[in-house]
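Student: I have a structure open in front of me and would like to learn how to read it. Could we go through it together?

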Amino acid sequence: MPEPRYRVAIVGAGPSGLFAAQFLTARDDIEVDIFDRLPTPYGLLRYGVAPDHTSIKAVAHALARVFDSPAVRFLGLVGFGRDVTREELLAGYDAVIYAVGASEDLRMGVPGEDAAASRSAREFVAWYSGHPDAEPQSLDGVRQAATIGVGNVAVDVARILVKEPLALDVTDMPADVLAELRRARLTDVWVIGRRGLQHASFTTTELRELCRTPGVAVSVDPEAFEGIADDDLDRRTRANVAVLREASATPVAAPRMRLHFLFWRRPVELRSDPVRGLLVERTRLNGAGRVVGTGETELLDVELVLRAIGYRAVRLPEVPFDHALGVIPSEHGRVLDGTAVAPREYVVGWIKRGPIGVIGTNKSDARETVEHVLADLEELGPRPDRIDLVATLAARGFLPSSYDDWRRIEAAEANRGASHQRERMKIEAWHELLDLVQAERPGGPIPPT
Ligand code: NAP
């Protein structure tokens with residue numbers, strides 16, 4: 001095996017970063033360091049894909065193989081801008097690939113949005129996925145809940161809410177989350193779209209799974225089907241319409257839970273005092289195809305509103321950012337600073353193309369970026385004055401967590417799972433994760449702030 005000539009840093013150990021690492025290590029002259037803020041790799045595969053979607057989670061097994069390569073290192077607990085800067089990364093690597101995804105959520109911009117009864121689906125997903133930063137979510141007193149948005153995230157959170165909690169017992173959800181779901185006394189969940197059923201972005205498999213949840217009676221506002229001609233629809237939309245037609249026509253004896261689909265409504269206010277509920281306004285498309293309100297409103301008697309209206313990326317310090325699009329501007333994966341290409345800087349995943357697409361979309365996306373990384377490395381060669389960044393960090397007394405540390409976390413999760421007859425149970429507390437990281441390294445990494 002030849003001496004590695006090139007060293008590439010990937011910032012973010014989620015699916016897009018790991019696909020990029022996979023493509024890079026197909027070559028035997030490249031070493032890859034994968035940095036992450038957390039001591040756990042896999043990003044949204046671990047903390048975004050619903051715990052009951054085990055077949056998608058299995059992608060993690062395939063992606064884990066990237067760490068089998070001696071050319072790949074995992075460097076956890078490294079905050080970009082906090083523990084390392086853009087300048088340092090660029091000094092230490094021949095190429096830097098940003099794969100940080102979109103970690104915030106969009107806001108509805110309506111009164112009452114910040115009330116306790118209003119939360120983002122992102123926070124809710126983070127909670128049930130056992131993310132160490134997630135705030136505990138309470139379903140106390142919630143009988144009716146609404147999700148705003150008709151994409152796959154809305155479908156995920158609606159499914160977790162309507163599902164019989166016992167059916168989630170086999171997942172890796174933390175014990176506290178399962179206990180809260182078991183305690184919940186929900187009767188109705190609303191899924192609300194600001195445009196029509198024909199405009200919804202959820203995919204048919206996910207929609208069908210939600211609608212076929214045992215014990216759940218589905219109702220669809222009949223107006224949703226009006227004016228929809230099957231011949232005008234693409235395959236996915238036609239299948240979605242068929243799923244909702246069938247679900248709303250299928251009686252469910254003594255339902256455990258009711259699931260309502262409401263289209264052509266947009267949230268206008270979340271009321272808490274004196275009346276609780278969600279005020280929605282009917283909508284239509286204007287001549288320009290934009291959603292406008294008709295002025296007709298109705299109050300839904302819900303105690304919890306989860307907005308699932310899309311994710312938003314956060315700017316990395318010093319790195320170019322397009323605030324309007326919420327991405328690092330790029331051309332075929334090469335970062336753009338203004339109109340010029342920023343040498344040796346690249347992007348993959350949601351921070352490149354925006355928060356759209358499923359896990360697999362990241363594969364072709366990463367392939368495109370890596371092709372350009374490789375072409376540029378051929379042209380530029382290794383950086384002549386490259387520093388050893390990990391040694392520089394160590395000299396500062398900062399030790400990132402390692403893949404072995406992650407394996408220890410994984411083993412502890414498997415142990416915890418075994419005592420509950422499950423394959424794994426997530427460890428969600430920062431202090432427990434850090435204890436496991438530090439178990440074998442006194443004075444280990446700086447705890448996250
Ligand atoms: P999404 O598919 O873009 O859906 C966002 C929804 O929010 C749309 O219905 C959108 O309506 C609505 N919306 C946006 N702004 C709104 C506002 N101000 N008021 C009311 N509604 C608003 O995004 P997502 O559900 O967050 O999913 C992100 C990506 O992850 C998608 O590509 C998705 O497929 C993927 N994902 C996949 C899975 C899976 O495969 N199981 C699971 C989760 C996520 P308009 O269309 O009118 O803008």
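**Reading the model, feature by feature**

Tutor: Happily! Let us begin in a loop: alanine 254 is found between helix H11 (235-249) and strand E10 (257-262). Keep in mind throughout that this is a predicted model.

Student: What is the sign of phi at alanine 254?

Tutor: Phi there is near 45°, a positive value in a residue other than glycine. Tryptophan 264 is another case, with phi near 55°. Tryptophan 264 is found in the loop between E10 and strand E11 (265-271).

Student: Is alanine 254 buried or exposed?

Tutor: The idea is to compare relative accessible area with a cut-off: under 20% is buried and over 50% is exposed. Alanine 254 has 75% relative accessibility, so it counts as exposed.

Student: Which loop residues fall on the buried side?

Tutor: Let us take alanine 200, in the loop between strand E8 (188-192) and helix H10 (204-211). Its relative accessible area is 1%, so alanine 200 is buried. Leaving out residues up to four places away in sequence, alanine 200 touches Val150, Arg236 and Phe263.

Student: How far apart are the C-alpha atoms of alanine 200 and phenylalanine 263?

Tutor: They are separated by 9.1 Å, while the two residues are 63 residues apart along the chain. Seen from the other side, phenylalanine 263 has contacts that include Ala200, Val150, Phe202 and Leu244, again with neighbours within four places in sequence left aside.

Student: How should I think about a nonpolar core?

Tutor: In soluble globular proteins, nonpolar side chains tend to be buried together. Here the largest nonpolar core has 51 residues, and those touching the most other members are Tyr128, Phe202, Leu244, Leu259, Phe261 and Phe263. H7 supplies the largest share of this core, seven residues. There is also a second, separate core of 47 residues, with Tyr6, Phe19, Leu436 and Val437 among its members.

Student: Which residues of helix H1 are buried?

Tutor: They are Pro15, Ser16, Gly17, Leu18, Phe19, Ala20, Ala21, Phe23 and Leu24. Helix H1 spans residues 15-24, and because nine of its 10 residues are buried, it is largely enclosed by the rest of the structure.

Student: What do the buried residues of H1 pack against?

Tutor: Their partners are strand E1 (6-11), strand E2 (30-35), H2, helix H4 (59-64), strand E4 (95-98) and helix H13 (361-380).

Student: What about a charged residue? Where is aspartate 52?

Tutor: Aspartate 52 sits in the loop between helix H2 (43-47) and helix H3 (54-57). With a relative accessible area of 13%, aspartate 52 is buried. For such a side chain, it helps to look for a polar partner. The side chain of aspartate 52 makes a polar contact with the side chain of lysine 163, at 2.7 Å. Beyond its sequence neighbours within four places, aspartate 52 is in contact with Arg159, Ile160, Lys163, Leu168, Thr171 and Glu209.

Student: Is histidine 131 buried or exposed?

Tutor: Histidine 131 counts as buried, at 15% relative accessibility. Histidine 131 is found in the loop between helix H6 (121-128) and strand E7 (144-148). Apart from residues up to four places away in sequence, histidine 131 touches Arg37, Leu38, Tyr47, Ala126 and Glu428.

Student: Now the ligand. Which residues come nearest?

Tutor: A good habit is to start from the surrounding shell and then check individual atom pairs. Of the 21 residues around the ligand, the nearest are Val150, Arg194, Arg195, Ser201 and Gly357. By class, this shell has 10 nonpolar, seven polar and four charged residues. Helix H7 (residues 152-162) gives the largest share of the shell, three residues.

Student: Which atom pairs should I look at?

Tutor: One oxygen pair to check involves valine 150, where a polar backbone atom is 3.0 Å from an oxygen atom of the ligand. For asparagine 152, an N or O atom in the side chain is 3.0 Å from an oxygen atom of the ligand. On the nitrogen side, a polar side-chain atom of glutamate 206 lies 3.3 Å from a nitrogen atom of the ligand.

Student: How much of the ligand's accessible area does the protein cover?

Tutor: The protein covers 80% of the 930 Å² of accessible area that the ligand has on its own.

Key:
Residues are numbered from 1 along each chain as its sequence is written. This is a predicted model: local features need pLDDT of at least 70, side-chain atom pairs count only at pLDDT 80 or more; totals for chains, interfaces and linings use all residues. Side-chain values use heavy atoms; hydrogens and water are left out. A residue is near a molecule or strand if one of its heavy atoms lies within 4 Å of it. A polar contact is a pair of N or O atoms within 3.5 Å; within protein, one must be able to donate a hydrogen and the other to accept it, and residues adjacent in sequence count only if both atoms are side-chain atoms. Accessible areas come from the Shrake-Rupley method with a 1.4 Å probe; for residues, only the protein chains shown count as cover. Helices (H or I, at least four residues) and strands (E, at least two) are DSSP runs, numbered from the N terminus. Ala, Val, Leu, Ile, Met, Phe, Trp, Tyr, Cys and Pro count as nonpolar, Asp, Glu, Lys and Arg as charged, and the others, Gly among them, as polar. A nonpolar core is a set of buried Ala, Val, Leu, Ile, Met, Phe, Trp, Tyr and Cys residues joined through side-chain atoms within 4.5 Å. Buried means under 20% relative accessible area, exposed over 50%, partly exposed in between (1.4 Å probe, protein chains only). Contact means heavy atoms within 4.5 Å.
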